[in-house]
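Hi everyone, thanks for coming. I'd like to walk you through one model today, so let's put it up on the screen.

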Amino acid sequence: MALRATLWALCLITMAVFATWQLRGGHTGIDADILSLIGQENAAPNGPQTDIATVRHLLANDGQQAIFMLSHSDRDTLETAATDFAGRIAALDGTQTITLPRHNDNRFADLMALYGPHANSLLSPSDREKLANGDAETLYRRAIQNLYSPATTLSSQSLKQDPFALLPAFLSDLGAKLGTGNDVIARDGQFYLPVMASLSPDLRSSGNDQKWVADANTALQSVTDATPGLSVAKTGQIFFAVAEATRAQSDVQRIAIIATIGILVMIGLVFYSPIPLFGALLVVGSGLLAGLAAVVAIFPAIHAIALVFGATMIGISVDYALHYLVLCSAAGSPTDRLHKIRPGLSLGLLTSVIGFGALSLSPTQLLSQIAVYSIAGLIAAYCSVLFLLPLIPARDVRPSSPIRKLHDGLQAILGKTFAPIRVRLIASAAIIITLALAAFLIPGNNDIRQFGHGNDALISDAGKIADILGLGGSPVFIRIDGDDPQNRLETGKAVRHALTPLIADNRLGGMIGLSDLIPSITRQTENRGLVTTGLYDRFGAALSNQLPVNITAPDMDAGYLVPDEDAAKTLPEITLLHSGGSDIIRLRNATDIDAIRLALADIQNVTLINPPTAISDQFAAYRLWAWIALGSALGVAAILAVLRYGFRTGIFVFAAPAGAILFAVLGGYVFGIDQSFFTTMALFLVFAIGADYVLFLAESRNSPHDDDTRLAVLLSLISSVLAFGLLATSSVPLVRDIGSVIAIGLIGAWFLAFWMTAPTETNHNTQTQNQRGQE
Amino acid sequence: MIPIRRLIASVATAILLTASMIGTARADDIPAPATIGTEQYLGGSFTMDRHLDGFEKPLTSNGDFVLSPARGLVWRTLQPFPGTTILDDHGITRIDDQGNRDELARGDQFRQFVELISAVLAGNWQPLEQRFDITRDTTEQGAWQVILTPKDGSTIQNQISKITATGTDFVENVRLEKPTGDHDAITLSDQALQSLPLPPEFAALLTGTGQ
């Protein structure tokens with residue numbers, strides 16, 4: 001016994017050291033971004049992607065950007081402040097690049113090197129229309145004027161490559177398509193200057209995101225203090241994620257502390273001794289520790305929601321401790337007492353592991369983390385009960401304990417509700433049927449926007465920045481699928497054509513796609529033809545007369561501009577308009593989604609994607625999966641129960657946790673809690689704890705320690721409701737919903753555990769009290 | 001994506017900035033160009049020789065111009081092909097000989113350009129000192145000369161390598177050298193300061209009603 005205890009204690013110490021090293025050393029980060037843990041099962045390297053995979057790809061790119069919007073009534077003051085601020089942000093660890101207006105002008109040479117040789121293949125829509133309509137003379141006159149204009153990009157080199165000055169018009173049109181960027185913007189007497197920071201991809205996973213945000217806020221405060229009249233706003237996924245993580249961590253700490261104190265007080269009121277408190281803490285602590293160590297060992301980052309669930313482990317693992325601790329010392333040696341509860345404890349653990357095991361097969365890392373945390377934590381708590389608690393001196397429950405009195409009172413009330421076997425069978429059947437119907441009929445709501453708490457200041461800032469930059473409207477984008485890149489570019493051109501009328505009447509702010517940066521070969525060939533016949537054939541000689549250089553028609557066999565790696569080196573933006581085997585068209589300020597969908601209806605291989613909808617759909621799919629997994633776990637539990645207890649009692653035992661789930665579902669529905677994927681996941685906890693209750697009672701039924709077990713189950717209920725009920729006070733809606741559903745479900749689990757395992761003929765309360773009196 | 005759009009705008013800005021060098025030089029210890037009041041405009045004629053590297057003969061043009069700190073710059077080419085370039089707080093606009101307007105650039109930064117012109121002509125060198133090293137001298141003929149060289153690291157280096165401006169009462173010659181080896185030589189003449197309003201044909205061009 002002592003050897004096993006020593007070895008287990010060493011294991012716990014090792015896990016503590018390891019978990020501390022992982023978290024404190026930054027080897028494992030804490031992530032609060034829901035998106036970071038979903039949809040990864042869809043990450044196909046090539047070929048058409050699912051909507052959620054594309055959304056993940058785009059948001060991952062966008063998520064590496066932080067935007068600060070500085071504003072002041074004086075432009076020079078603003079630019080000075082922004083330059084100072086940009087320098088501070090650039091110096092932070094985790095900042096890759098910083099972008100200010102006019103900071104990338106040296107790209108001009110690279111841009112001309114890329115586009116210059118293809119100038120005759122690149123036409124702005126306006127120039128193309130003129131050539132197509134036979135109005136080439138306008139372009140010729142423009143070229144002549146360009147030769148003598150004080151404002152021109154003309155050079156000896158551009159004259160050779162682009163004598164008709166077509167490229168400036170193409171680039172100017174491209175600039176208009178790209179929309180407002182990070183130029184200084186003037187509005188209502190105020191100047192606005194966006195400072196854009198690109199962040200290291202590993203900033204979040206390395207756990208340095210909180211430090212970066214703190215340092216950025218310090219820099220922001222410094223520049224604000226030093227510049228009277230300066231206003232600032234900021235946005236970016238990193239700010240939301242850190243705010244959410246901080247809030248979740250705060251909630252977890254608060255809940256863990258209050259729940260632990262509450263449980264300690266409860267145990268103190270039962271035993272009037274600190275020794276059982278120590279035993280309970282030992283089991284709870286070992287569960288938390290092992291769960292944490294398992295998660296940090298397997299995953300590079302822990303999700304904040306998994307941490308919250310980890311805190312709820314207190315409510316489960318304490319059940320195991322209480323199950324042992326309430327046994328009176330007269331029941332025998334520690335080994336004897338352990339033998340009395342071991343079957344129920346083992347069955348409870350097995351059932352919970354089956355339930356959480358179904359979770360571990362989940363397609364999302366978040367659920368996998370919860371499953372790993374729970375399974376490891378419960379096994380550790382189980383081991384602590386077996387190896388450590390027997391070493392603790394036994395303390396009996398005091399007859400004068402107020403909780404004992406409460407227990408007796410509740411037993412008396414419960415005794416009046418007990419029903420005959422036939423009624424219980426009918427009730428069991430009704431539970432199973434109603435649960436199946438509820439799963440199908442109660443509508444789900446998996447809208448991603450309801451899950452987070454939402455930081456009011458950040459939301460306000462984001463809205464302000466979107467408004468200034470003209471990036472409001474729905475965040476939709478278009479994905480173009482197809483195996484052939486040139487076909488995708490052609491499709492992109494068709495999309496541009498279809499949506500141009502919507503841009504003209506302001507139902508769409510703008511759009512940019514790969515085909516805008518790199519026209520298809522078909523389009524380039526057409527352009528060359530138009531330029532040759534419209535300009536070179538008609539006006540080449542006339543232009544030559546004005547220039548000391550011979551003008552020759554474009555070579556129709558020359559190479560084409562294609563979106564290859566070389567082009568991407570000059571135009572890294574290409575990678576942002578490409579995802580997997582698909583091209584992306586980004587839309588700005590899309591206010592009429594129906595009109596956009598209608599305009600795209602006849603174009604093949606085009607998908608309009610709304611990220612919030614795609615994410616919500618993904619959660620809806622996960623919710624369905626969760627119900628299937630829960631049903632499977634219930635099925636396995638039913639088989640185990642029937643094998644263990646026979647058909648009739650087995651059905652009763654099975655119906656208790658099933659009824660608890662039903663209670664949670666209906667209770668949540670009645671109280672207006674949205675039935676989301678996450679509340680469905682909470683039902684796994686209801687199942688696991690509910691199974692513990694009924695198994696403990698079923699295993700101890702008709703045994704001398706039956707009453708002790710009933711008290712242990714009541715204590716478990718109090719501790720669990722305390723822990724999960726506190727979750728219901730969380731400021732994060734997702735956590736709040738989960739806590740509420742579990743707290744409701746556990747009350748049902750407690751009642752049904754008693755009701756389904758009640759004796760059939762005698763007054764059970766009197767019986768147990770008599771038994772206790774005899775002892 | 002954003003840098004491309006800004007790049008286009010900044011190229012235009014760079015060009016505008018070089019154009020703004022016309023009539024900008026003044027030093028504390030040498031004669032200075034006349035200051036244009038906010039209620040005045042400067043009018044005159046120009047000849048521009050555009051020398052392209054590798055080409056023997058320059059592209060020569062001439063015409064007239066009007067510069068108003070309050071309204072902007074109108075650069076009207078008369079020979080060899082009529083055409084007008086307008087630089088104002090709306091951006092850069094070209095108008096061909098048939099009155100077709102072609103907006104080359106728009107944006108708030110062009111408002112800054114007009115403000116820059118006004119500041120320079122008022123003898124305020126500060127806006128240029130941020131981007132250029134400025135040396136001032138006098139020529140043998142007693143005219144002042146200002147040489148503007150983009151500061152190291154300045155992005156304008158990609159478009160301009162050196163600007164030399166000389167004059168007496170007004171800026172009379174500007175030589176704009178580019179990194180490509182090309183340069184523009186601009187001669188301004190018949191300049192005079194006059195009070196607003198602008199002549200109707202110029203005023204109409206700036207308000208866009210002249211098309």
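Before we start, a word on naming: helices (H or I, at least four residues) and strands (E, at least two) are DSSP runs, numbered from the N terminus. What you see is a predicted model, where local features need pLDDT of at least 70 and side-chain atom pairs count only at pLDDT 80 or more, while totals for chains, interfaces and linings use all residues. Residues are numbered from 1 along each chain as its sequence is written, chains are lettered from A and ligands numbered from 1 in the order in which they are written, and side-chain values use heavy atoms, with hydrogens and water left out.

Let's begin with confidence. For the complex, the predictor gives an ipTM of 0.81 and a pTM of 0.70. Chain B has an average pLDDT (the predictor's confidence in each residue, from 0 to 100) of 71, and 68% of its residues score at least 70. Please be careful with residues 1-28 of chain B, where pLDDT stays under 50, and with residues 118-123 of chain B, where pLDDT also stays under 50. Where pLDDT is low, the predicted coordinates should not be read in detail.

Now chain A. Its secondary structure comes to 29 helices and 12 strands. Of its 775 residues, 57% count as buried, meaning under 20% relative accessible area, with exposed over 50% and partly exposed in between (1.4 Å probe, protein chains only). Taking contacts (heavy atoms within 4.5 Å) between residues at least 6 apart in sequence, 84% join residues at least 24 apart.

What about the inside? A nonpolar core here is a set of buried Ala, Val, Leu, Ile, Met, Phe, Trp, Tyr and Cys residues joined through side-chain atoms within 4.5 Å. The largest has 149 residues, and A:Tyr320, A:Val385 and A:Ile661 touch the most other members. Helix α26 (residues 677-700) of chain A gives the most to this core, with 18 residues. Another core, of 29 residues, lies apart from it and includes A:Ala66 and A:Phe85. Going back to A:Ile661, its contacts beyond four places in sequence include A:Trp627, A:Leu683 and A:Phe687.

Next, have a look at helix α28 (residues 733-757) of chain A. How far apart are its end C-alpha atoms? They are 36 Å apart, which agrees with the 36 Å expected for 25 residues at 1.5 Å a residue, the span being 1.5 Å times one less than the number of residues. This helix is mostly covered, with 22 of its 25 residues buried. A:Phe754 sits in α28 of chain A and is buried, at 0% relative accessible area. Its C-alpha atom is 8.5 Å from that of A:Phe418, 336 residues away along the chain.

On to cysteines. A disulfide is a pair of cysteine sulfur atoms within 2.5 Å, and the count over all chains is 0. Why is there no bond from A:Cys11 to A:Cys383? The sulfur of A:Cys11 has its closest cysteine sulfur in A:Cys383, 8.7 Å away, so that is too far for a bond.

Finally, some backbone details. Most residues other than glycine have a negative phi, and most peptide bonds are trans. A:Ala165 has a positive phi of about 50°; this residue lies in the loop between α7 (156-161) and α8 (167-178) of chain A and counts as buried at 9% relative accessibility. In chain B, a cis peptide bond joins B:Gln79 and B:Pro80, with omega about 0°.

Thanks, everyone!
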